[in-house]
Amino acid sequence: MSYCHCGSTTSFEQCCQPLLNGKAFAPTAEALMRSRYSAFVTGAVDYLLQTSASESHEPDERALLENSCKNTRWLALHVLDTEHGSEIDGKGIVEFAAFFQTGDSPEQLHERSRFEKRDGRWLYVSGEFLAPLTFGRNDACWCRSGKKFKKCHGAR
Ligand SMILES: [Zn+2]
Ligand SMILES: [Zn+2]
């Protein structure tokens, strides 16, 4: 069995897929964040539009998302911190680092995202970009290969 795109230790079918299909709704801000990552991986643009606050959309949001999904290879997600965002909360914050590639070498998006529950559904509202995480040579590599950073993506 392979694990879900979002880095959880359950399968896609049991994790993010029911959310992307509209068969279930994300119970927490973190679950929504993870499912949106899986939506970027699988090109589920409708889901990305439905799960973000409309006031955060650019006029050409759909085209921007389609382009982003087409041109980005997502490599790994690490959820680093959450504040509130549980089933009983109305707001939440999730900090994550997402690793992706659009050109020759991997890049990292390190963000603290704000989520709000509106009409019972979690939505992504906005995010604040943070400095990329750095990895020590003996740290586990971010790609979850199980190798040390220096033997994997940190090898030179
Ligand atoms: Zn998942
Ligand atoms: Zn690696």
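What spacing do the donors of the zinc ion (ligand 1) follow along the chain? The numbered points below begin with that site.

1. The donors of the zinc ion (ligand 1) follow the pattern C-x1-C-x8-C-C along the chain, where a donor is an N, O or S atom within 2.8 Å of the metal (3.2 Å for Na, K and Ca), and water is not among the atoms, so sites may look incomplete. Within this pattern, Cys 6 and Cys 16 link distant parts of the chain, both residues sitting in the segment before α1 (17-20) and ten residues apart; helices (H or I, at least four residues) and strands (E, at least two) are DSSP runs, numbered from the N terminus. The protein donors are Cys 4 (SG), Cys 6 (SG), Cys 15 (SG) and Cys 16 (SG), and they lie 2.3 to 2.4 Å from the ion.

2. On conventions, this is a predicted model in which local features need pLDDT of at least 70 and side-chain atom pairs count only at pLDDT 80 or more, whereas totals for chains, interfaces and linings use all residues. Residues are numbered from 1 along each chain as its sequence is written, chains are lettered from A and ligands numbered from 1 in the order in which they are written, and side-chain values use heavy atoms, with hydrogens and water left out.

3. Why is the arrangement around the zinc ion (ligand 1) called tetrahedral? The four donor atoms subtend angles of 104 to 114°, which makes it so; four donors count as tetrahedral if all angles lie between 85 and 135 degrees, four count as square planar and six as octahedral if opposite donors are over 155 degrees apart and all others between 65 and 115, and anything else is irregular. Both Cys 6 and Cys 16 are buried, where buried means under 20% relative accessible area, exposed over 50%, and partly exposed in between (1.4 Å probe, protein chains only).

4. The zinc ion (ligand 2) has as protein donors Cys 141 (SG), Cys 143 (SG), Cys 152 (SG) and His 153 (ND1), at 2.1 to 2.3 Å, and the angles among its four donor atoms, 104 to 115°, make the site tetrahedral. The spacing here is C-x1-C-x8-C-H. Cys 143 and His 153 both lie in the segment after β4 (121-129), so the pair ties together parts that are ten residues apart in sequence. Cys 143 is partly exposed at 23% relative accessible area, and His 153 is likewise partly exposed, at 40%.

5. Helix α2 (29-42) contains Ser 38, which is buried with a relative accessible area of 0%. Leaving out residues up to four places away in sequence, Ser 38 touches Cys 4, His 5, Cys 6, Phe 12, Cys 16 and Leu 20, contact meaning heavy atoms within 4.5 Å; three of these names, Cys 4, Cys 6 and Cys 16, are among the donors of the zinc ion (ligand 1). Thr 42, also found in α2, is partly exposed at 39% and, with the same sequence neighbours left out, touches His 5, Phe 12 and Leu 20. Thr 42 and Leu 20 are 22 residues apart in sequence, with their C-alpha atoms 9.5 Å apart in space.

6. An open sheet of four strands runs in the order β1-β2-β3-β4 with antiparallel pairing, two strands being paired if DSSP finds at least two bridges between them. Its edge strands, β1 and β4, each pair on one side only, and the twist averages 30° from one strand to the next. β1 and β2 pair over ten bridges, with His 84 opposite Gly 92 in β2, and in their hairpin, which has six residues between the strands, Gly 85 takes a positive phi near 80°. Strand β3 (residues 107-118) pairs with β4 over eight bridges, and Arg 114 stands opposite Ser 126 in β4.

7. α2 lies across β1, β2, β3 and β4, running at about 170° to β1; axes are lines fitted to C-alpha atoms, for helices over the stretch in contact, and angles run from 0 to 180 degrees between N-to-C directions.

8. The largest nonpolar core has 31 residues, and those with the most contacts inside it are Met 33, Tyr 47, Leu 77 and Phe 115; such a core is a set of buried Ala, Val, Leu, Ile, Met, Phe, Trp, Tyr and Cys residues joined through side-chain atoms within 4.5 Å. α2 gives the most to this core, with seven residues. Apart from it lies another core of seven residues, including Phe 99 and Trp 142.
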